[in-house]
Amino acid sequence: MTAAAPRKFTLASRSSQLAQIQTNIVRDALAALHPSVEFDTSFMTTGGDHNQSQALYLIGGKALWTKELEVALLEGKVDMLVHSFKDVPTVLPEGCEIAGVLQREDPVDCLVVRKDASWKSLEELPEGSVVGTSSVRRVAQLKRIFPKLVYKDARGNLNTRMGKLDAPDSPYAAIILAKAGMVRLGWGDRITCDLGPPTLFHAVSQGALAIEIRSNDDEARALCRSITHWPTEWACRAERACLRVLEGGCSVPVGVHTTLVEAEAEPEGGVHKGRLEIVGTVTSLEGDRHVEHKIEADVHSAEEAEAVGAKLAKVLIDTGAKAILDEINVDRQKKIEQAKAHDEKVDA
């Protein structure tokens with residue numbers, strides 16, 4: 001009887017340069033620990049890559065980046081999906097799960113000024129300067145502190161946005177990006193300065209890479225667990241639980257900042273435990289109202305970390321976030337209807 005051929009695992013992601021770099025990071029980590037296993041990669045274009053002009057909340061939200069990939073996963077065409085964890089919806093399709101999370105890069109946002117400029121910070125930008133960002137969260141938070149700057153949407157992958165910034169006819173004085181992506185692309189020298197709390201609270205799971213698998217694939221799960229960085233996983237699961245309860249997404253200005261300090265493992269069994277500190281914020285679209293709260297707790301599992309995140313969301317809701325989120329939902333629906341009316345007029 002012929003022995004079954006060893007299984008090859010295919011890792012898939014979007015086709016952007018950054019997505020390919022991130023997929024290769026995961027593949028290399030897996031290959032280093034499992035040299036006898038064969039790993040392959042596959043890259044595809046998603047709906048979010050096709051439409052780089054409209055705001056995400058008008059065209060389907062975060063799922064726009066993941067839907068086609070998840071179809072390929074569930075059909076068995078690929079075995080693992082590599083995501084920027086911040087782009088993954090907090091509720092996954094049935095039959096899918098996040099099985100691995102790599103150690104987080106610095107999750108802060110950063111300021112990048114155009115090549116011919118000498119500004120070193122947001123404070124130095126002249127009044128009326130245009131700052132590009134595709135994030136409602138960033139705009140809402142920055143309007144609180146820098147109301148005299150102008151914020152303009154800047155979608156596209158990092159290469160596209162950097163090209164828009166440096167173009168001779170660019171309207172932008174600067175753009176704001178996730179620092180992790182710039183570092184992974186090797187463009188750290190273009191970062192003008194970091195924008196961390198209290199100026200900007202970053203997006204949920206920003207800076208982390210997640211691996212999604214089929215829920216019934218025990219082999220893939222075991223491989224993913226072998227490269228998982230548990231403090232990052234617990235912190236991200238706390239943040240995602242907070243966002244899930246707030247019913248937020250790309251179009252909701254929810255910001256977080258989390259630290260998890262690892263405590264000494266129990267002598268028997270080596271059980272993980274740590275001290276979790278998580279700050280959550282919800283900011284109105286115009287930046288005139290801001291709700292912020294911090295919770296600290298000792299946690300002994302990812303589930304306990306999630307419970308802390310959910311508790312934080314409920315405190316935020318009870319202290320003013322609900323009114324802000326309700327207003328944002330009304331505004332979003334209004335803009336969706338306006339966009340539909342515009343499309344119908346163009347098609348007529």
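Let's start with Ala 297. Buried or exposed? Ala 297 is buried, because its relative accessible area is 17%, and the cut-off for buried is under 20%. Keep in mind that this is a predicted model.

Where does Ala 297 sit? It lies in strand S13, which covers residues 290–299. Now its contacts. Leaving out residues up to four places away in sequence, Ala 297 touches Gly 274, Arg 275, Leu 276 and Val 308. One more distance, C-alpha to C-alpha: Ala 297 and Ile 278 are 9.0 Å apart in space. In sequence, 19 residues separate them.

Two of those contacts lead us to the next topic. Leu 276 and Val 308 are among the residues with the most contacts inside the largest nonpolar core. The others named there are Trp 234, Leu 246, Val 282 and Leu 316. How many residues does the largest nonpolar core have? It has 28.

Which elements build this core? At least two residues each come from H8, strand S11 (254–262), strand S12 (274–283), S13 and helix H9 (302–347). H9 gives the most, with ten residues. There is also a second, separate core. That one has 17 residues, including Trp 119, Leu 125, Val 131 and Leu 149.

Back to Val 282 for a moment. What does it touch, not counting residues up to four places away in sequence? Among its contacts are Leu 246 and Leu 316. Pro 253, Val 254, Arg 289, His 290 and Val 291 are on the list as well. So are Ala 321, Ile 324 and Leu 325.

Next, aromatic pairs. A search of the whole structure finds two. One of them joins Phe 9 and Phe 39, and it is tilted. The centres are 6.1 Å apart, with 35 degrees between the planes. This pair links distant parts of the chain, 30 residues apart. Phe 9 is in strand S1, residues 8–14, and Phe 39 is in strand S2, residues 38–44. Both are buried.

Last stop: the second largest pocket. How much space lies in it? About 240 Å³. Its lining counts 14 residues. Nearest the centre lie Phe 85, Ile 98, Arg 237, Arg 240 and Glu 306. What classes make up the lining? Eight residues are charged, five are nonpolar and one is polar. Strand S4 (96–101), helix H7 (218–226) and helix H8 (230–246) each supply at least two lining residues. H8 also supplies at least two residues of the largest nonpolar core.

Methods:
Residues are numbered from 1 along each chain as its sequence is written. This is a predicted model: local features need pLDDT of at least 70, side-chain atom pairs count only at pLDDT 80 or more; totals for chains, interfaces and linings use all residues. Side-chain values use heavy atoms; hydrogens and water are left out. On a 1 Å grid over the protein atoms alone, a cavity is a set of points where a 1.4 Å probe fits but cannot get out, and a pocket is an open set with protein on both sides within 12 Å along at least five of seven lines; lining residues have an atom within 4 Å of a point. Grid points are joined across faces, edges and corners, and a volume is the space filled by probe spheres set on the points. Helices (H or I, at least four residues) and strands (E, at least two) are DSSP runs, numbered from the N terminus. Ala, Val, Leu, Ile, Met, Phe, Trp, Tyr, Cys and Pro count as nonpolar, Asp, Glu, Lys and Arg as charged, and the others, Gly among them, as polar. Buried means under 20% relative accessible area, exposed over 50%, partly exposed in between (1.4 Å probe, protein chains only). Contact means heavy atoms within 4.5 Å. Rings of Phe, Tyr and Trp (its six-membered ring) pair if their centres lie within 6.5 Å; planes under 30 degrees apart count as stacked, over 60 as edge-to-face and the rest as tilted. A nonpolar core is a set of buried Ala, Val, Leu, Ile, Met, Phe, Trp, Tyr and Cys residues joined through side-chain atoms within 4.5 Å.
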